[in-house]
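Reader: Please show me the structure, and then let us go through it by question and answer.

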Amino acid sequence: MSNLLPNIDKNNDYYFIVSKINEKYFPNTNNIISGYSNENKIKRILSEHLILSQSLSKNKIDIFFTSSSGGIAPLFVPKKLKLVLGVFGTHHLKPDLLDYKRKIYRNIFFKKSLSRANIIIANSNVCKNDILQTGFVNEDKIRLIYHGIDDNKFNNEPLSISENDFIKQFDLSMPYILFVSVIYPYKNVHTLVEAFGKFIQKYK
């Protein structure tokens, strides 16, 4: 995304808010160094809510997009700033999917963020419906935008030498199903396993 946005839109300036440790992943872009990343979660949360507002004001940011922690915006943002909130997961609204500390934090701040957002972007109808069920926003504030893919990375071109070496190393045979995720219940891996079982039964 850091490479695409400035090329798509020549009329606006884009800034990426990154921690010092992650700055190396955003070369050749306008970066605002603010606070911490997940190397220290407590400091990250404090810096998001207490320090980030100053960085936004200093750099005269007009529109601020965040999808941090499932759709939590900083408590303090400049008054004239427009807030676009990305909600790409609502597992903190579900019973027994997070420990109680994270669930309390996310529930409280999530609802405040929904109320303050000018626009909310959901990446699925499931997320959209979960947001509406909170009762904190009307449907006209929500935009449904699915995740995109980079055609340069996902294509039918022949595999590189390193990719072929990787397949040989782990004795993989084509075709295969790749699941890239942590194993949390809300990631729905059990449905993938069930679907794979049905696939094997049908096609042997």
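Author: This is a predicted model, in which local features need pLDDT of at least 70, side-chain atom pairs count only at pLDDT 80 or more, and totals for chains, interfaces and linings use all residues. Residues are numbered from 1 along each chain as its sequence is written, and side-chain values use heavy atoms, with hydrogens and water left out.

Reader: Is serine 19 buried or exposed?

Author: Serine 19 lies in the loop between strand 1 (15-18) and strand 2 (30-33); strands are DSSP runs of E, at least two residues, and helices runs of H or I, at least four, numbered from the N terminus. Contact means heavy atoms within 4.5 Å, and, not counting residues up to four places away in sequence, serine 19 touches Ile33, Ser34, Gly35, Tyr36, Ser37 and Glu39. Buried means under 20% relative accessible area, exposed over 50% and partly exposed in between (1.4 Å probe, protein chains only). At 5% relative accessibility, serine 19 is buried.

Reader: Which element gives the largest share of the largest nonpolar core?

Author: A nonpolar core is a set of buried Ala, Val, Leu, Ile, Met, Phe, Trp, Tyr and Cys residues joined through side-chain atoms within 4.5 Å. The largest one has 22 residues, and Leu85 is among those with the most contacts inside it. Helix 3 (52-58), strand 4 (82-87), helix 4 (100-116), strand 5 (119-122) and helix 5 (125-133) each give two or more residues to this core. The largest share, four residues, comes from helix 4.
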